[in-house]
Amino acid sequence: MTTPGVDDAVQEKPEKEPVAEQRLHPITPLRRAWAPVAVVIGWAVHDPDQAQRQLTRLTTTALLIALAVIIPAAALYGFLTWWFTHFAVTDSELRIRTGLLFRRTAHIRLERIQAIDVTQPLLARVAGVAKLRLDVVGTDKKDELAFLGEREARALRAELLARAAGFAPETAHEAGEAPARELLRTPPRDLALSLVLTGATWGALVAALVVPPLLWMATHSLWTVLATAVPLLGAAGASSVGRFVSEYDWTVGESPDGLRIDHGLLDRTHETVPPGRVQTVRIVEPLLWRRRGWVRVELDVAGSSNSVLVPVAPREAAEAVVARVLPGVTVPPLSALSRPPRRAGRCIPVWWRGHGLAVTDAVFASRRGLLRRSLALVPHAKVQSVRLSQGPWERLWRVADVHVDTGANKTVTARLRDAQEAAELLGAQAERSRTGRKGARPDRWMV
């Protein structure tokens, strides 16, 4: 006997519609076709003598046959890896399926996404495509979608941000990218001059010019000189030209989904920094920048690799941006920082003067450095633990260090404080952290 209405109810139950999967941009195979070629180049670099012997044995016919095999194989590899890569956006996750021989499916829950960056290498800009890179809580490696059409990438980014903020799927697609208000732009002239006035730039350049000639005089070995000179020249280039190219036209804007950072001369990058995930803000002031009043602002962000907020700017402008990252926080002036007691000089001669501490209602502020000053600001709500350490020599002179651990697996230390002050600071900071977390702003966007 059949219960009336049961069969009708089962029949009327709507079936779940399959999720439509999408492929990457058709230009993607060209990028992935380089993998087999890279294997050949890697073998040649690993054993150059053997590679040279093999090349000398090749006839013109054999070389043409090898090229006729390698080029189609590379093209086929690129096509197949593109063909077997799909992605789909569901109500709760972003699903990415990859793999030609070994399949991998990544299920990225939307509420776990912390930032989505749009990057465009030089050739990608020419081709009109872009790469999406996703910062996800609990993972060190970024998942990415490379490549999408530039408009498609920005539209997908806006949709994912809207869904992560709690918008309904049917409205998230229409929300579009939130408008941004520009807060700061770094002029190229200031950026170039700041690199010239940075000690690390000159140190790497001097090492690259001085060390190789000395090695040649000592060893007369060309390979030894090249093995040393190439990394030194690379380091010198990365600290000067590389940084200029990467940080060119640095722009910081404010939008409902966080702080937006755009930069790059050749490779253009569009990053997002959710203020709620910022654990520490550091204001760095190199010695040669002080006369111009310039500073650099760096960040520790939980679940993200973003580390620079402002490459160079006047202190007033930089502090205004810091105020947007840490609402209600005023950067303590130099006069407000208390130095360690004079007996701390017995532990660290001269350099003890570079340490300082200020604790306000909002942040734990610790400074270090004489030539290159660095002031770290940790909101009380972001403090995960507080520790006190004291070595034998520090116990003798009644000083101690107070360590503050943050959610980004980083530590900020107040060095060489009076032992009694450090003990009181330990208990007081633990209490401030508990009360601070109750009134902390949410980590999610647009809330």
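Which residue in strand 3 is the bridge partner of Arg 97? In this predicted model, the bridge partner of Arg 97 is Thr 105 of strand 3.

Strand 2 (residues 93–98) and strand 3 run antiparallel and are joined by 6 bridges. They belong to an open sheet of 3 strands, ordered 1-2-3 with antiparallel pairing, in which strand 1 (86–89) and strand 3 (104–109) are the edge strands, each pairing on one side only. On average, and with direction ignored, neighbouring strands of this sheet are turned by 10 degrees against each other. Helix 7 (residues 150–164) lies across strand 1 and strand 2, and runs at about 40 degrees to strand 1.

Farther along the chain, helix 10 covers residues 199–219, and its end C-alpha atoms are 30 Å apart, which agrees with the 30 Å that its 21 residues should span at 1.5 Å a residue. Thr 201, Ala 204, Ala 208 and Pro 212 are buried in helix 10, and the buried residues of this helix pack against helix 9 (188–196) and helix 11 (222–247). After helix 10 comes His 220, with a positive phi near 55 degrees.

The largest nonpolar core has 30 residues, of which Val 281, Leu 309 and Leu 377 touch the most other members. Among the elements that give two or more residues to this core are those in the table.

| Element | Residues |
|---|---|
| Strand 9 | 258–263 |
| Strand 11 | 278–285 |
| Helix 12 | 315–325 |
| Strand 16 | 373–379 |

Apart from this core lies another, of 22 residues, including Ile 116, Ala 130, Leu 156 and Leu 161.

Technical notes:
Residues are numbered from 1 along each chain as its sequence is written. This is a predicted model: local features need pLDDT of at least 70, side-chain atom pairs count only at pLDDT 80 or more; totals for chains, interfaces and linings use all residues. Side-chain values use heavy atoms; hydrogens and water are left out. A nonpolar core is a set of buried Ala, Val, Leu, Ile, Met, Phe, Trp, Tyr and Cys residues joined through side-chain atoms within 4.5 Å. Buried means under 20% relative accessible area, exposed over 50%, partly exposed in between (1.4 Å probe, protein chains only). Helices (H or I, at least four residues) and strands (E, at least two) are DSSP runs, numbered from the N terminus. The expected span of a helix is 1.5 Å times one less than its number of residues. Contact means heavy atoms within 4.5 Å. Two strands pair if DSSP finds at least two bridges between them. Axes are lines fitted to C-alpha atoms, for helices over the stretch in contact, and angles run from 0 to 180 degrees between N-to-C directions.
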